[in-house]
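Let's take a walk through this protein together. Keep the sequence and the 3D view open as you read.

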Amino acid sequence: MQASFQPTFTWSQERIFAAGAQNVVLLIEWKGISNPEESRKRTRKVVAREIELRVWLEAHVTFNRCHGCNAEAGEGRSILLKLGKLYSKTRKYIALEFTMAAKPAGIHEALWLQWQYKQPPVERIRELPLKKLSLEYTHHTDVLSERCCFHVEKHLELLKTEKLLEEVAVQRTKGNIQTEFEHLRRQADDLLLLAARSGDMQLVKEAETVYKQLDAKSQVWRRTATR
């Protein structure tokens with residue numbers, strides 16, 4: 001039976017300095033697979049439910065934080081990510097940040113990953129093959145000036161923006177939104193700067209959307225504050 005989705009893993013950098021590195025980001029994306037009949041009908045259906053991703057860390061790897069989901073501590077050196085459901089012809093993203101301790105030059109294993117999910121209509125639990133991810137350690141100092149992979153940087157910023165928008169919505173109900181507004185405005189500025197550097201129109205549109213929301217909500221907040 002064909003798997004319901006296709007995962008892709010992208011490091012923010014494929015090589016790191018042998019002395020170690022902080023905030024190494026792994027972008028994880030997974031796309032729902034559609035059959036030919038669905039493609040003709042242009043319909044979407046749930047292809048996987050109760051998706052879980054377990055990540056085992058090698059001894060030199062420390063998990064810092066995640067973007068786009070919540071992480072639960074698992075057995076041993078592992079974390080569990082509960083990722084809900086996935087529709088056909090859709091793509092989802094999360095990003096994980098790690099600190100890598102010093103290692104000798106060479107290619108070293110970093111993470112082991114295992115996907116588990118229920119596949120409709122029989123709701124049978126399925127697993128994808130265990131996946132190993134490695135990183136290259138080097139003494140060449142040129143890696144210290146290498147930029148983050150743009151694909152990773154872009155989706156990391158979009159995930160941060162999504163989280164901040166959620167926090168603003170929550171704080172608005174409590175009447176405490178000024179600090180969140182400032183964080184969100186700085187995030188919009190970061191999106192616009194990244195868009196200017198890359199020419200990516202999705203980032204431009206996202207930044208414009210955030211600015212419009214900020215302006216509209218700021219007007220409401222000011223009117224409420226003056227009452």
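What follows goes from the confidence of the model to its pocket, its side-chain contacts and a few backbone details.

Start with how far you can trust the picture. This is a predicted model, and the mean pLDDT of the protein is 89. Of its residues, 88% reach 70 or more. Confidence varies along the chain, though: among the elements, strand β8 (residues 91-100) has the highest mean pLDDT, at 98, while helix α1 (residues 36-41) has the lowest, at 58. Where pLDDT is low, the predicted coordinates should not be read in detail. So go easy on helix α1, because its mean pLDDT is 58.

Now turn to the largest pocket, which has a volume of about 330 Å³. Where does the largest share of its lining come from? That would be α2, which supplies 6 residues. Both α2 (150-172) and β5 (61-67) give at least two residues each to the lining. If you'd like to pick them out on screen, the lining includes Cys-66, His-67, Gly-68, Cys-69 and Asn-70, and also Leu-159, Lys-160, Glu-162 and Lys-163. Tyr-93 is one of the lining residues too. Sorted by class, the lining has 5 nonpolar, 3 polar and 4 charged residues.

While you're at β5, look at Thr-62, which sits in that strand. Thr-62 counts as partly exposed because its relative accessibility is 44%, between the 20% and 50% cut-offs. Thr-62 and Gln-22 are 40 residues apart in sequence, yet their C-alpha atoms are 9.3 Å apart in space.

Next come the charged side chains. The structure has 12 salt bridges in total, and a few are worth a visit. Glu-50 pairs with Lys-118, with the closest N and O atoms 3.5 Å apart. That bridge links distant parts of the chain: Glu-50 is in strand β4 (residues 46-57) and Lys-118 in strand β9 (residues 106-119), 68 residues apart. Lys-118 is partly exposed, with 23% relative accessibility.

Another bridge joins Lys-82 and Glu-72, where the closest N and O atoms are 3.8 Å apart. Lys-82 belongs to strand β7 (residues 78-87) and Glu-72 to strand β6 (residues 71-73), so the pair ties together parts that are 10 residues apart in sequence. Both ends count as partly exposed: Lys-82 at 48% relative accessibility and Glu-72 at 37%.

For a bridge between helices, find Glu-153 and Arg-197, whose side chains meet at 2.9 Å, N to O. Here Glu-153 is in helix α2 and Arg-197 in helix α3 (residues 178-198), 44 residues apart. Is each partner buried or partly exposed? Glu-153 is buried because its relative accessible area of 19% falls under 20%, whereas Arg-197 is partly exposed at 42%. Salt bridges can also join up: Arg-15, Asp-142 and Glu-146 are linked in a network.

Then there are the aromatic rings. The whole structure contains 6 aromatic pairs. In one of them, the rings of Phe-5 and Trp-115 have their centres 5.1 Å apart and their planes at 70 degrees, so the pair is edge-to-face. This pair, too, links distant parts of the chain, with Phe-5 in strand β1 (residues 5-11) and Trp-115 in strand β9, 110 residues apart. Phe-5 is buried, at 2% relative accessibility, and Trp-115 is buried with a relative accessible area of 2%. Both rings belong to one aromatic cluster, made up of Phe-5, Phe-9, Trp-30, Trp-115 and Tyr-117.

Finally, take a look at the backbone. Most residues other than glycine have a negative phi, and most peptide bonds are trans. Which residues here have a positive phi without being glycine? Asn-23, with phi near 55 degrees, is one of them; Asn-23 lies in strand β3 (residues 21-32) and is partly exposed at 42% relative accessibility. Lys-89 also has a positive phi, of about 60 degrees. You'll find Lys-89 in the loop between β7 and β8, partly exposed with a relative accessible area of 35%. As for peptide bonds, the one from Pro-120 to Pro-121 is cis, with omega near 0 degrees. Pro-121 is found in the loop between β9 and β10 (124-127).

How values were computed: Residues numbered from 1 in each chain as written. Predicted model: local features only at pLDDT ≥ 70, side-chain atom pairs only at ≥ 80, totals over all residues. Heavy atoms only, no water. pLDDT = per-residue confidence, 0-100. Helix = DSSP H or I, 4+ residues; strand = E, 2+ residues; numbered from the N terminus. 1 Å grid on protein atoms, 1.4 Å probe; cavity = no way out; pocket = protein on both sides within 12 Å on 5 of 7 lines; lining within 4 Å. Points joined across faces, edges and corners; volume = space filled by probe spheres on them. Nonpolar A, V, L, I, M, F, W, Y, C, P; charged D, E, K, R; others polar. Salt bridge = Lys/Arg side-chain N within 4 Å of Asp/Glu carboxyl O. Buried < 20%, exposed > 50% of the residue type's maximum accessible area, 1.4 Å probe, protein only. Phe/Tyr/Trp six-rings, centres within 6.5 Å; stacked < 30°, edge-to-face > 60°.
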